[in-house]
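This report examines pockets, one helix and a set of charged side-chain pairs in a single protein model. The pockets are treated first, followed by the helix and the salt bridges.

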Amino acid sequence: MTGSSQWDAALVGILGLLIGSFLNVVIHRLPRMMERQWAAECDQYARDAGLLPEGAAPVPTETFNLWAPRSRCPSCGHEVRWYENIPVLSYIGLRGRCSGCGTRISARYPLVELLTGALFYACAAHWGWSAATAAWCGFCAALVALAFIDWDTTLLPDDITLPLLWAGLAAATLRWIDVTPADAILGAVGGYLSLWAVYWGFKLATGKEGMGYGDFKLFAALGAWFGWQALVPIILIASVIGALVGIAMKLASHLREGKYVPFGPFLAGAGIAAMLWGPQQIMQAILALLGL
């Protein structure tokens, strides 16, 4: 890179740090917003059907979204001030603790910021100051949020997976990414239907659900961004990494209740790997390691 392009990439990386700070809010709040919406819908249905006793208290409807209320310490309620919310630097300045009560703050917050900043930097370093950089930065931000939300809750919100799918189709149509519109459409359809078929085959064979519908939508979105040719490499990467992590967690007795590991984070990781190194190149590397 030239000196100018390095500065451009650095500026985009700093923007990524700021976006990463916002993604921490999305990761924490979006699942809770979904739960509140489901509770409100169930409450309204029960009232309309006359299933609740007369005078039953309604579900609380106080404002709770990505913007309000202000972020607070869950232990003492201390409201986070603006200078306590500067990406990475505030965590270092506070030594990883709440300024109100001293409770330890999870190191995952600065890690999400650093990860997002690094991915934004990588996009700008590769595609320069272009529409492609903006598209791939948005792609990375969505995958980071989805990976952590799914790991925490086993949810892949439609509020992120569906816009990611449509953004991939739009980026292909506008030629912001190196995928033809036809390949993007076939990738989206093939991604969804392939995991849908695996889901129903596994359920009919075992009577259990091996994955959720959110995984279908996420794989469809990856198909839209990379084209149908990338589906096999991406699912192979995700499966291999997921199996290794699952085995390691089982050996360490860290599997959660129900002994499951969500698949979304590994799909997201495979998508980021495909963006950075190319799905076919990764496929060749895996086959070489396997001696095939």
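In this predicted model, the second largest pocket holds about 730 Å³ of space. Its lining consists of 24 residues, and those closest to the pocket centre are Glu209, Gly210, Met211, Gly212 and Asp215. Two elements, α6 (181-206) and α7 (213-226), each give two or more residues to this lining. The largest share comes from α7, which supplies 4 residues. Sorted by class, the lining of the second largest pocket comprises 13 nonpolar, 5 polar and 6 charged residues.

The largest pocket encloses about 840 Å³. It is lined by 33 residues, of which Ser71, Arg72, Val80, Ile105 and Tyr109 are the closest to its centre. At least two lining residues come from each of α1 (3-48), α2 (89-93) and α3 (108-127). Among the contributors, α1 gives the most, with 5 residues. The class composition of this lining is 15 nonpolar, 11 polar and 7 charged residues.

**Helix α5**

Does the length of α5 agree or disagree with the expected span? The helix covers residues 158-173, and at 1.5 Å a residue its 16 residues should span 22 Å; the end C-alpha atoms are 22 Å apart, so the two values agree.

The buried residues of α5 are Ile160, Thr161, Leu164, Leu165, Gly168, Leu169, Ala171 and Ala172. Because these residues cover an arc of only 165° around the axis, they fall on the same side of α5. The face turned away from that buried side carries Asp159, Trp166 and Thr173, which are exposed. Just after the helix, arginine 175 adopts a positive phi of about 65°.

**Salt bridges**

Side chains of opposite charge can pair when their charged atoms come close. The structure contains 6 salt bridges, and the table lists some of them.

| Basic residue | Acidic residue | N to O distance |
|---|---|---|
| Arginine 70 | Glutamate 79 | 3.6 Å |
| Arginine 81 | Glutamate 84 | 3.4 Å |
| Lysine 217 | Aspartate 158 | 2.8 Å |

The bridge between aspartate 158 and lysine 217 returns the discussion to the helices. Aspartate 158 belongs to α5 and lysine 217 to α7, so this pair ties together parts that are 59 residues apart in sequence. Aspartate 158 is partly exposed, at a relative accessible area of 35%. The partner helix α7 is also the element that gives 4 residues to the lining of the second largest pocket.

Salt bridges with shared partners join Arg70, Arg72 and Glu79 into one network. Within this network, arginine 70 has a relative accessible area of 45% and is partly exposed. Glutamate 79 is likewise partly exposed, with a value of 32%. Arg72, another member of the network, is also one of the residues closest to the centre of the largest pocket.

Are the two partners in the pair of arginine 81 and glutamate 84 buried or exposed, at least in part? Arginine 81 is partly exposed, with a relative accessible area of 36%. Glutamate 84 has a relative accessible area of 12% and is buried, because buried means under 20%.

Conventions. Residues are numbered from 1 along each chain as its sequence is written. This is a predicted model: local features need pLDDT of at least 70, side-chain atom pairs count only at pLDDT 80 or more; totals for chains, interfaces and linings use all residues. Side-chain values use heavy atoms; hydrogens and water are left out. On a 1 Å grid over the protein atoms alone, a cavity is a set of points where a 1.4 Å probe fits but cannot get out, and a pocket is an open set with protein on both sides within 12 Å along at least five of seven lines; lining residues have an atom within 4 Å of a point. Grid points are joined across faces, edges and corners, and a volume is the space filled by probe spheres set on the points. Ala, Val, Leu, Ile, Met, Phe, Trp, Tyr, Cys and Pro count as nonpolar, Asp, Glu, Lys and Arg as charged, and the others, Gly among them, as polar. The expected span of a helix is 1.5 Å times one less than its number of residues. Buried means under 20% relative accessible area, exposed over 50%, partly exposed in between (1.4 Å probe, protein chains only). The arc is that of the directions from the helix axis to the C-beta atoms. A salt bridge is a side-chain nitrogen of Lys or Arg within 4 Å of a carboxyl oxygen of Asp or Glu.
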